[in-house]
Amino acid sequence: MNLADLLQDLLDEQASLDEIVASLDERDWDRPTPSPRWSVTDQIGHLRYFDGAAALAIRDPDAFSAEAKQLMEASLVSETSGDDFTLGDFRLLPPADRLESWRQGRAALAAAAGTLGERDRVSWYGPSMGAKSFVTARLMEAWAHGTDVCDTVGAHREPTHRLRHVAQLGYITRAWTYINRGLAPPEGDVRVELAAPSGDVWYWGGADASGEDAVTGPALDFCLVVTQRRHVSDTALEVSGERAREWLTMAQAFAGPPTDGPRARAARERSEQERETGERERIGA
């Protein structure tokens with residue numbers, strides 16, 4: 001896919017989330033999402049900030065580097081100081097203005113990304129990224145944070161061909177998942193075969209992929225796992241081989257420090273039952 005088509009897919013992904021966000025009332029913006037400490041406002045504010053940062057990285061790499069340094073320094077102050085830096089002003093806006101601010105950030109990114117050439121590289125938080133990878137990462141972010149919003153407000157987005165971008169990013173960041181945790185990536189590949197929304201099958205995995213290490217199932221489920229929106233055991237994915245199982249328990253398709261995705265539903269329910277039992281015993285005592 002060429003860069004122009006990829007950029008159009010990014011715009012379409014953002015627009016699909018915009019349809020949902022535009023219908024929210026003021027109470028919806030304050031609802032807590034699956035991301036700890038983050039409301040719907042914070043999810044959209046995160047997209048707004050980093051779309052703007054991405055536009056700045058393309059237009060003025062030096063200015064971006066200076067702002068990125070400020071963010072890194074702010075993030076060291078406390079557990080929430082990084083969010084205060086990126087979300088503070090957004091949280092103070094009225095809901096209608098939050099939506100407009102996000103739209104303006106998307107427009108700035110689209111204009112800046114439209115100047116990129118196929119072989120250009122863009123500075124980011126860490127190594128620079130090729131233009132296509134850079135745009136793909138923004139699409140993945142829009143889809144992943146949009147998933148949190150949809151889960152919170154009970155909205156539904158029909159899976160589309162754009163999931164291929166997220167799935168491919170999930171596959172090619174397998175080694176990054178280990179490196180980001182200070183671990184050596186395991187030798188060998190994992191075969192990935194995913195059922196696309198269209199009914200086609202998407203394949204990844206080179207000649208050194210062992211037949212014993214494979215992931216098969218719906219593309220949507222794979223995307224949810226590699227963006228840490230679902231635990232692999234709560235999906236319809238079939239995972240075989242130790243390398244494949246280990247990878248999908250910690251897969252991370254996005255940049256930033258290593259994070260753990262949600263616990264399996266059974267573990268959450270067991271923990272909740274234990275908490276309720278402990279509370280009843282405390283009251284009874």
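Let us begin with a pair of charged side chains: Arg106 and Asp18 meet in a salt bridge, with 2.7 Å from N to O. Please keep in mind that the model is a predicted one. The pair connects distant parts of the chain, since Arg106 lies in helix H6 and Asp18 in helix H1, 88 residues apart. Are these two residues buried or exposed? Both Arg106 and Asp18 are buried.

Asp18 has a second partner to consider. Arg103 also forms a salt bridge with Asp18, and here the closest N and O atoms are 2.8 Å apart. Once more, distant parts of the chain are linked: Arg103 belongs to helix H6, residues 95-113, and Asp18 to helix H1, residues 3-21, with the two positions 85 residues apart. How do the two ends of this bridge stand with respect to the surface? Arg103 has a relative accessibility of 33%, so Arg103 counts as partly exposed. Asp18 has a relative accessibility of 9%, which is under the 20% limit, and therefore counts as buried. As general background, side chains of opposite charge can pair when their charged atoms come close.

I turn now to Asp51, which is found in helix H3, residues 40-59. With a relative accessibility of 3%, Asp51 is counted as buried. Which residues is Asp51 in contact with, leaving aside its neighbours within four places in sequence? They are Gln14, Trp102, Gly105, Arg106, Leu109 and Arg138. Arg106 is thus in contact with Asp51 and also takes part in the salt bridge to Asp18.

Other charged groups deserve mention. Glu13, Arg157 and Arg162 are joined in a network of salt bridges. Arg191 and Glu193 form a further bridge through their side chains, at 3.3 Å from N to O. Arg191 has a relative accessible area of 27% and is therefore partly exposed; Glu193, at 30% relative accessibility, is likewise counted as partly exposed. How many salt bridges are there in the count? The count comes to 18. As for the charges of the chain, there are 31 positive and 47 negative ones, and their mean positions lie 1 Å apart.

Next, a helix and its surroundings. Helix H8 covers residues 163-172, and seven of its ten residues are buried, so this helix is largely enclosed by the rest of the structure. Which residues of H8 are the buried ones? They are Leu163, His165, Val166, Ala167, Leu169, Gly170 and Tyr171.

Finally, the chain as a whole. Its secondary structure comes to twelve helices and six strands. The radius of gyration is 20 Å, close to the 19 Å that the globule rule gives for 285 residues, so the chain is as compact as a globular protein of that length. The C-alpha trace spans about 60 × 55 × 40 Å along its principal axes. Of the 285 residues, 46% count as buried. Among contacts with a separation of 6 or more, 66% are accounted for by residues 24 or more positions apart. The surface that the chain exposes is about 14,400 Å², and carbon and sulfur atoms supply 51% of it.

To close, I return to the starting point: Asp18 in helix H1 is bridged to Arg106 in helix H6, and Asp18 is also bridged to Arg103.

Key. Residues numbered from 1 in each chain as written. Predicted model: local features only at pLDDT ≥ 70, side-chain atom pairs only at ≥ 80, totals over all residues. Heavy atoms only, no water. Salt bridge = Lys/Arg side-chain N within 4 Å of Asp/Glu carboxyl O. Helix = DSSP H or I, 4+ residues; strand = E, 2+ residues; numbered from the N terminus. Buried < 20%, exposed > 50% of the residue type's maximum accessible area, 1.4 Å probe, protein only. Rg over C-alpha atoms; globule rule 2.2 N^0.38 Å. Contact = heavy atoms within 4.5 Å. Areas by Shrake-Rupley, 256 points an atom, 1.4 Å probe, with all protein chains shown as cover. Lys, Arg positive; Asp, Glu negative; His and termini not counted. Charge placed at Lys NZ, Arg CZ, Asp CG, Glu CD.
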